Every structure is written in structure tokens, then in C-alpha cells.
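I opened this notebook to record what I looked up about nonpolar packing and strand pairing. The entries follow the order in which I consulted the model.

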Amino acid sequence: MNLRPLVLASQSIKLRCDTLRVYLPKQGQQQLAVSELVYLRSEGNYTWLFWTNGQQTLLPRTLKYVEAKLPANAFVRLHRHHTVNSSHVVGVCQKVTGLVVRLSNGQSLVVARRRRSQILKQFQSLYERLENRP
């Protein structure tokens, strides 16, 4: 049994997930690096994409539609309005308003109550580091 073709097939799928193909009105068809995407915010039927360089992109698509185009293991839904790139999460802390996730660009986003336990499990090491701080 030769497993080599299976490995190559999974690598090619991984490479396709590293970019997000979108159509932007002024620039046309673009391929954007998913690793540079910090988080997504929905506003009705539109989605804002926030990048590491501070740039923001507005897409005329729902958050659900854009999430389906992204690698599922790299992005986490915090709230009905926010999805974050897990590699850009630098901290998780408990505040009076609820659980808050801090991102690499300095932004803090509140986690929905129903998603709290899932987020704590996923980012437990970050939460424990912050809790044990003197």
C-alpha cells in the first residue's frame, strides 16, 4: 500500500487554504493570505476583514459565507459578529463584562456566554498563564 499520493493530496489542499480568493470592486479578483487575517466582523450581510498591517476590507458577503472559505482549524467563532484567527490570539481574560480575547493588533473582543467553555478549552494555556501572573 503506497501512502505517498495521499500525503501529496493533503499538502495540495493545505496550500489552497492558505489564501482567500475574493472579488474587490476596485482591485478585482484578489488572493489574500489567510495568515495575515487577524479577525472578521459581521455587519448584516457585509463582513469586515481586519489585517495585520491595519488595513480593513469590506466584503458584500455574510460572515457564514466567508467562514466557509477559511480553514476551520485556524479560525474560531467568538460571537455571532466575530471570528478570530487563533494564531493571532495573545490572551484570554475574565472581565466584568465576560470573557475577553486579546488579539495581536491590540483589539479586545468579548466572547458570547454560550461559547465561553469552548473558547476556554481551546485557549486554556493562554488563560492559565494570565491567571497565574503575580
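The entries below concern the cores and then a sheet.

Entry 1. I note at the outset that the model is predicted.

Entry 2. I looked up the largest nonpolar core and found that it has 16 residues. Val84, Val101, Leu103 and Ile119 have the most contacts inside this core. I then asked which elements each supply at least two residues of it. They are strand E3 (37-43), strand E8 (89-95), strand E9 (98-103) and helix H3 (116-122). E9 gives the most, with three residues.

Entry 3. I recorded a second core, of 14 residues, lying apart from the largest one. Leu37, Leu40, Leu59 and Leu70 are among its residues.

Entry 4. I returned to Leu103 and listed its contacts, leaving out residues up to four places away in sequence. Leu103 touches Val38, Tyr39, Val84, His88, Val89, Val90 and Leu109. One of these, Val89, stands opposite Leu103 in E9.

Entry 5. I followed that pair to the strands. E8 and E9 pair in the antiparallel sense, and I count six bridges between them. Three strands form an open sheet, in the order E8-E9-E10, with antiparallel pairing. Why do E8 and strand E10 (108-110) each have one side without a neighbour in the sheet? Both stand at the edges and have a single partner strand each, so one side of each is left without a neighbour there. For the twist from one strand to the next, I noted an average of 25 degrees.

Conventions. Residues are numbered from 1 along each chain as its sequence is written. This is a predicted model: local features need pLDDT of at least 70, side-chain atom pairs count only at pLDDT 80 or more; totals for chains, interfaces and linings use all residues. Side-chain values use heavy atoms; hydrogens and water are left out. A nonpolar core is a set of buried Ala, Val, Leu, Ile, Met, Phe, Trp, Tyr and Cys residues joined through side-chain atoms within 4.5 Å. Buried means under 20% relative accessible area, exposed over 50%, partly exposed in between (1.4 Å probe, protein chains only). Helices (H or I, at least four residues) and strands (E, at least two) are DSSP runs, numbered from the N terminus. Contact means heavy atoms within 4.5 Å. Two strands pair if DSSP finds at least two bridges between them. Axes are lines fitted to C-alpha atoms, for helices over the stretch in contact, and angles run from 0 to 180 degrees between N-to-C directions.
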